[in-house]
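Reader: I am new to this structure and would like a close look at a single part of it, the surroundings of the ligand. Please take me through that part carefully, and set it within the chain as a whole.

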Amino acid sequence: MNSREWQDPHFLEKGREKERAYYIPFENTEKALAGEREKSGEFQLLNGIWDFNYYPAYYEVPEEITEWGKIPVPANWQMEGFEPPYYTNVNYPYPVDPPYVPDENPCGVYRTWFDCADLTKKTYLVFEGVNPCFYLVINGQEIGYSQCSHCTAEFDVTPYLHEGKNEIIVKVLKWCDGSYMEDQDFFRMTGIFRDVYVLTRPAEHVQDVEIHANLTELSVKVTAPAGDLTACLYDGDTCIQKQPVIDGKADFTVPDAKPWSAEVPNLYTLVLEGFGEFIPVPVGFRTIAISPKGELLINGVSVQLKGVNHHDTDPVKGHVMSLEDIRRDLYLMKKLNINTVRTSHYPPAPEFIRECDRLGFYVVDEADIEMHGFVTRETLWSYHMYDRTWPTDHPDWGEALMERMRRMVERDKNSCSVIMWSIGNESGYGCHYDDMCRWTKQRDPERLIHYERANMLNTPTMYDVESHMYREFSDLIADGEKDDSRPLFLCEYAHSMGNGPGDLNDYQELFDKYPRLIGGCIWEWADHTVLKDGKYYYGGDFDELTHDNNFCVDGLVSAKREVKAGSLEAKAVFQPFRASLKEVGEKEISVEIHNRHYFTDLKNYDLKWTVEVDGVAVASGTQNLELAAGEKTLLTIPADLPKICALGAYVTLTLHQKEATEWAEAGYETGMVQLKLPVEIVTAERTHGEGSWKVSEDKLTVTVTDETASIGYTFHKVHGTLTGILKNGKNILVNPAHLDVWRAPTDNDRHIKMTWGLFEDNLSGWNMNRLFDKCYSFTWKETEDCIELVSAGSLAGVARSPLLHYEVTYRLDNGDPELHISVQSKVHPKAIWLPRFGYEFTLPTAVEKVEYYGMGPGENYQDLCHHAKVGRFTTSVTEEYVPYIMPQENGNHTHVKEVSLVDPANGDGIAFRTEGEVEFQTSHYTKEELTRKGHSYELEPSNTNVRIDYKVSGIGSASCGPDLDPKYRLSEKEFSYGFSVKAL
Ligand code: IPT
């Protein structure tokens with residue numbers, strides 16, 4: 001161990017074997033075909049509990065260690081209690097002074113043993129991931145060094161072994177020069193975090209294998225010593241062709257090969273037999289090409305990438321992912337109709353790629369490179385191109401970067417799922433990028449290459465694909481319209497932080513419209529959090545010197561892989577079928593069905609349909625449609641539709657997997673489309689009670705009596721507010737009902753909230769988070785049929801002009817227990833668009849049971865609603881809450897016409913209805929509490945809070961993406977809405 005070495009960008013390895021394709025040799029064909037590496041007699045997994053000592057600085061490691069602690073392998077030592085976790089995004093967690101890293105560089109020393117039975121064999125030690133670098137000591141002799149956290153490092157340890165028990169010591173440093181190339185946006189974690197194993201192989205053996213397949217041909221190249229070698233191609237357990245390997249080569253022609261695609265991942269296995277070993281290599285027959293229009297062609301078919309960025313992350317284990325964890329992620333992606341993974345921002349474990357080959361995903365394999373922190377090293381933010389002070393251009397760093405590219409390409413070169421190489425992420429641009437791109441192109445002419453930052457130079461022609469992240473819609477439209485035969489790939493889009501993303505459908509519409517927009521990868525798959533004692537933590541919770549708060553909590557699914565509205569929205573937007581209404585007759589509905597698969601006939605699915613009138617099913621059926629991929633057909637649905645209805649009529653179509661798959665049961669709902677039917681809506685007349693209204697002017701109490709109940713309303717004379725909704729004299733309201741515009745900012749509101757509200761700076765905002773409600777006048781008039789009370793006033797933030805003026809009319813019709821509320825509002829001409837606008841009611845906590853007719857069952861917003869449908873739903877206030885790690889706006893419902901909330905113990909409660917539509921939300925947490933608190937575990941409930949809103953602005957993905965699209969903003973300057981309320 002030498003501090004000069006780990007701070008020298010030329011010192012990259014010692015004793016490490018040349019990189020090669022990932023494979024595991026077996027001792028017979030059966031095992032090779034089964035491919036379970038742990039069953040190979042040549043493979044010995046060393047995972048387990050190892051001896052371990054942690055030293056706060058490397059120079060404290062003693063010559064001889066006499067006392068040892070323990071640690072699991074694989075693990076990150078931050079998750080095992082040795083250091084607090086540290087989250088930083090762009091900023092480096094130490095000064096930017098390459099190649100130097102802090103002198104207080106912690107070191108973890110690991111120890112274990114393994115048995116060696118046969119010294120005539122070759123023994124290799126393989127590390128699939130050690131962060132960030134390590135020295136290897138075998139039986140007391142320091143024989144190896146490697147860096148690049150997410151690269152495989154293999155060592156030939158044969159010369160250092162003796163028969164029997166052999167000692168392995170691994171010394172892992174916390175930082176090295178390589179850390180400058182690993183500035184990814186995640187919790188910085190250290191240690192042996194991927195599998196470690198021994199391979200015991202014959203003295204002579206295959207060193208490397210390279211395959212190339214198109215739709216009918218397979219060519220095999222082998223690096224091996226002279227000797228007998230055979231290549232057998234298996235379809236399942238059947239050898240379909242056998243060839244001798246001559247001069248390191250074998251060629252196969254398989255005219256009827258079943259093609260591989262992410263949708264139908266037909267996989268063959270090539271088994272190389274020779275030198276006493278059987279080496280399986282999965283083979284997918286497929287082609288990758290680009291059409292003259294810039295489309296991505298897989299097997300000649302234009303395919304969209306419906307992807308996510310995947311980081312290795314677990315709230316308990318850190319960066320450690322078992323095969324079960326990998327499968328859990330990939331299964332859930334399949335269930336969400338995701339077909340692409342960008343392995344941000346490093347190569348995943350080799351088994352991850354294998355699983356993608358097997359289950360069917362397109363993979364954008366990314367080199368372990370990110371140097372984002374160079375943009376902030378001189379304060380603020382500035383990118384450089386061809387700047388010799390950046391490692392991307394500095395002569396000392398060329399090979400350090402190149403080896404990262406090479407080690408990935410060589411390891412994953414045989415994978416059919418890998419369709420594109422990515423030369424890392426967010427590192428500016430320099431001459432080493434030119435070199436890495438050229439080398440990759442020459443090494444692998446078949447796959448595509450992208451590097452997002454190449455767009456700073458208008459993406460030089462040596463890149464096959466132009467790529468961008470978080471593109472503005474207007475730019476994307478321009479990209480689509482550009483006459484360019486190169487595909488455009490959004491390597492990151494739709495930032496999924498917290499409640500969101502809300503704009504997925506808008507992106508998808510552009511992908512559908514413009515051939516060269518081949519899709520992209522949502523940022524990102526799962527939240528990064530740390531779970532301790534049942535509480536979820538994020539950046540800043542560990543006293544980090546610099547950190548980026550909850551910017552790591554930005555997954556499409558939670559850290560525990562639970563889905564949220566955003567996940568379901570991705571599923572809906574990516575779903576492989578579309579439906580649109582063609583004709584509605586008296587007895588039948590005609591719907592056009594579009595099979596949006598690229599390779600699969602719809603006959604593999606059941607198409608179910610249900611017609612609902614006013615939330616009640618009136619007809620349903622199941623159809624089995626034979627419809628080739630990409631085709632459209634008309635489906636006729638028999639249904640006797642009424643002439644009129646009270647709330648609405650819809651037909652809902654769902655697509656279900658016929659057969660069980662590895663990731664989902666038979667019947668799993670892959671997609672859903674709801675279509676509104678043109679049935680006239682006539683609001684039912686309300687039956688008036690027998691009684692009559694009475695007004696007591698003193699108390700400003702209005703009372704209505706009918707046969708069953710006596711319902712009254714009270715108002716505040718000065719404030720003009722509705723202070724009471726009474727039933728038998730008991731007020732159901734805890735606080736006066738009032739108008740408001742605030743919502744607890746979502747993560748996607750993190751920029752706009754500064755203009756909405758009063759936060760750190762007291763000049764920029766309209767201060768909407770603490771509104772003053774001024775009543776200018778409150779008057780009432782009675783006629784024979786009704787009483788009308790009118791309150792005119794304004795809402796204003798501190799130190800600001802009134803944000804809006806309102807006039808509210810409360811009307812009671814003689815004998816009708818309902819109070820009709822209508823609101824007119826005029827917003828300040830210069831004011832910013834509003835988070836929302838509507839009424840807030842506060843009810844006792846016991847009012848828990850909820851029924852509504854509107855969009856559900858999950859939360860939905862104007863731009864986050866393709867996963868939801870209109871219907872009648874029963875839920876509870878508690879269930880309505882969505883526990884985002886950083887508390888924020890949640891639980892909204894659009895297209896709502898009726899809502900009731902009651903205390904299940906006594907049936908007391910409140911009911912709302914409208915002839916138009918409102919948005920509705922209810923929660924035991926106030927918007928103030930959700931605004932104030934930083935973690936879900938800090939929240940304290942109070943009451944049942946209900947919103948009946950004119951509108952709620954959409955969600956978007958502006959936490960890192962474009963501003964919320966204007967069409968989803970509540971930016972009208974004048975509007976009105978109304979609804980009725982009564983006690984139950
Ligand atoms: C982009 C990064 O590539 C990604 O790693 C992540 O940090 C993401 O941002 C935000 O969550 S880079 C940014 C400058 C757009």
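**The ligand and its surroundings**

Author: To set the scene, the protein chain in this predicted model has 984 residues and a radius of gyration of 32 Å, which agrees with the value near 30 Å that a compact globule with that number of residues would have. Along its principal axes the C-alpha trace spans about 105 × 65 × 55 Å, and its secondary structure comes to eleven helices and 61 strands. Buried residues account for 62% of the chain, while among contacts between residues at least 6 apart in sequence, 71% join residues that are at least 24 apart.

Turning to the ligand, there are 15 residues around it, and those that come nearest are Asp 185, His 345, Asn 425, Glu 492 and His 495. Sorted by class, this shell is made up of six nonpolar, five polar and four charged residues.

Two of the nearest residues also appear when one looks at individual atoms: an N or O atom in the side chain of His 345 lies 2.6 Å from an oxygen atom of the ligand, and for the side chain of Asn 425 the corresponding distance to a ligand oxygen is 2.8 Å. A further asparagine, Asn 89, has a side-chain N or O atom 3.4 Å from an oxygen atom of the ligand. As for how far the ligand is covered, taken alone it exposes 390 Å², and the protein buries 90% of that area.

How values were computed. Residues numbered from 1 in each chain as written. Predicted model: local features only at pLDDT ≥ 70, side-chain atom pairs only at ≥ 80, totals over all residues. Heavy atoms only, no water. Near = heavy atom within 4 Å. Polar contact = N/O pair within 3.5 Å; in protein donor to acceptor, adjacent residues only side chain to side chain. Areas by Shrake-Rupley, 256 points an atom, 1.4 Å probe, with all protein chains shown as cover. Nonpolar A, V, L, I, M, F, W, Y, C, P; charged D, E, K, R; others polar. Helix = DSSP H or I, 4+ residues; strand = E, 2+ residues; numbered from the N terminus. Rg over C-alpha atoms; globule rule 2.2 N^0.38 Å. Buried < 20%, exposed > 50% of the residue type's maximum accessible area, 1.4 Å probe, protein only. Contact = heavy atoms within 4.5 Å.
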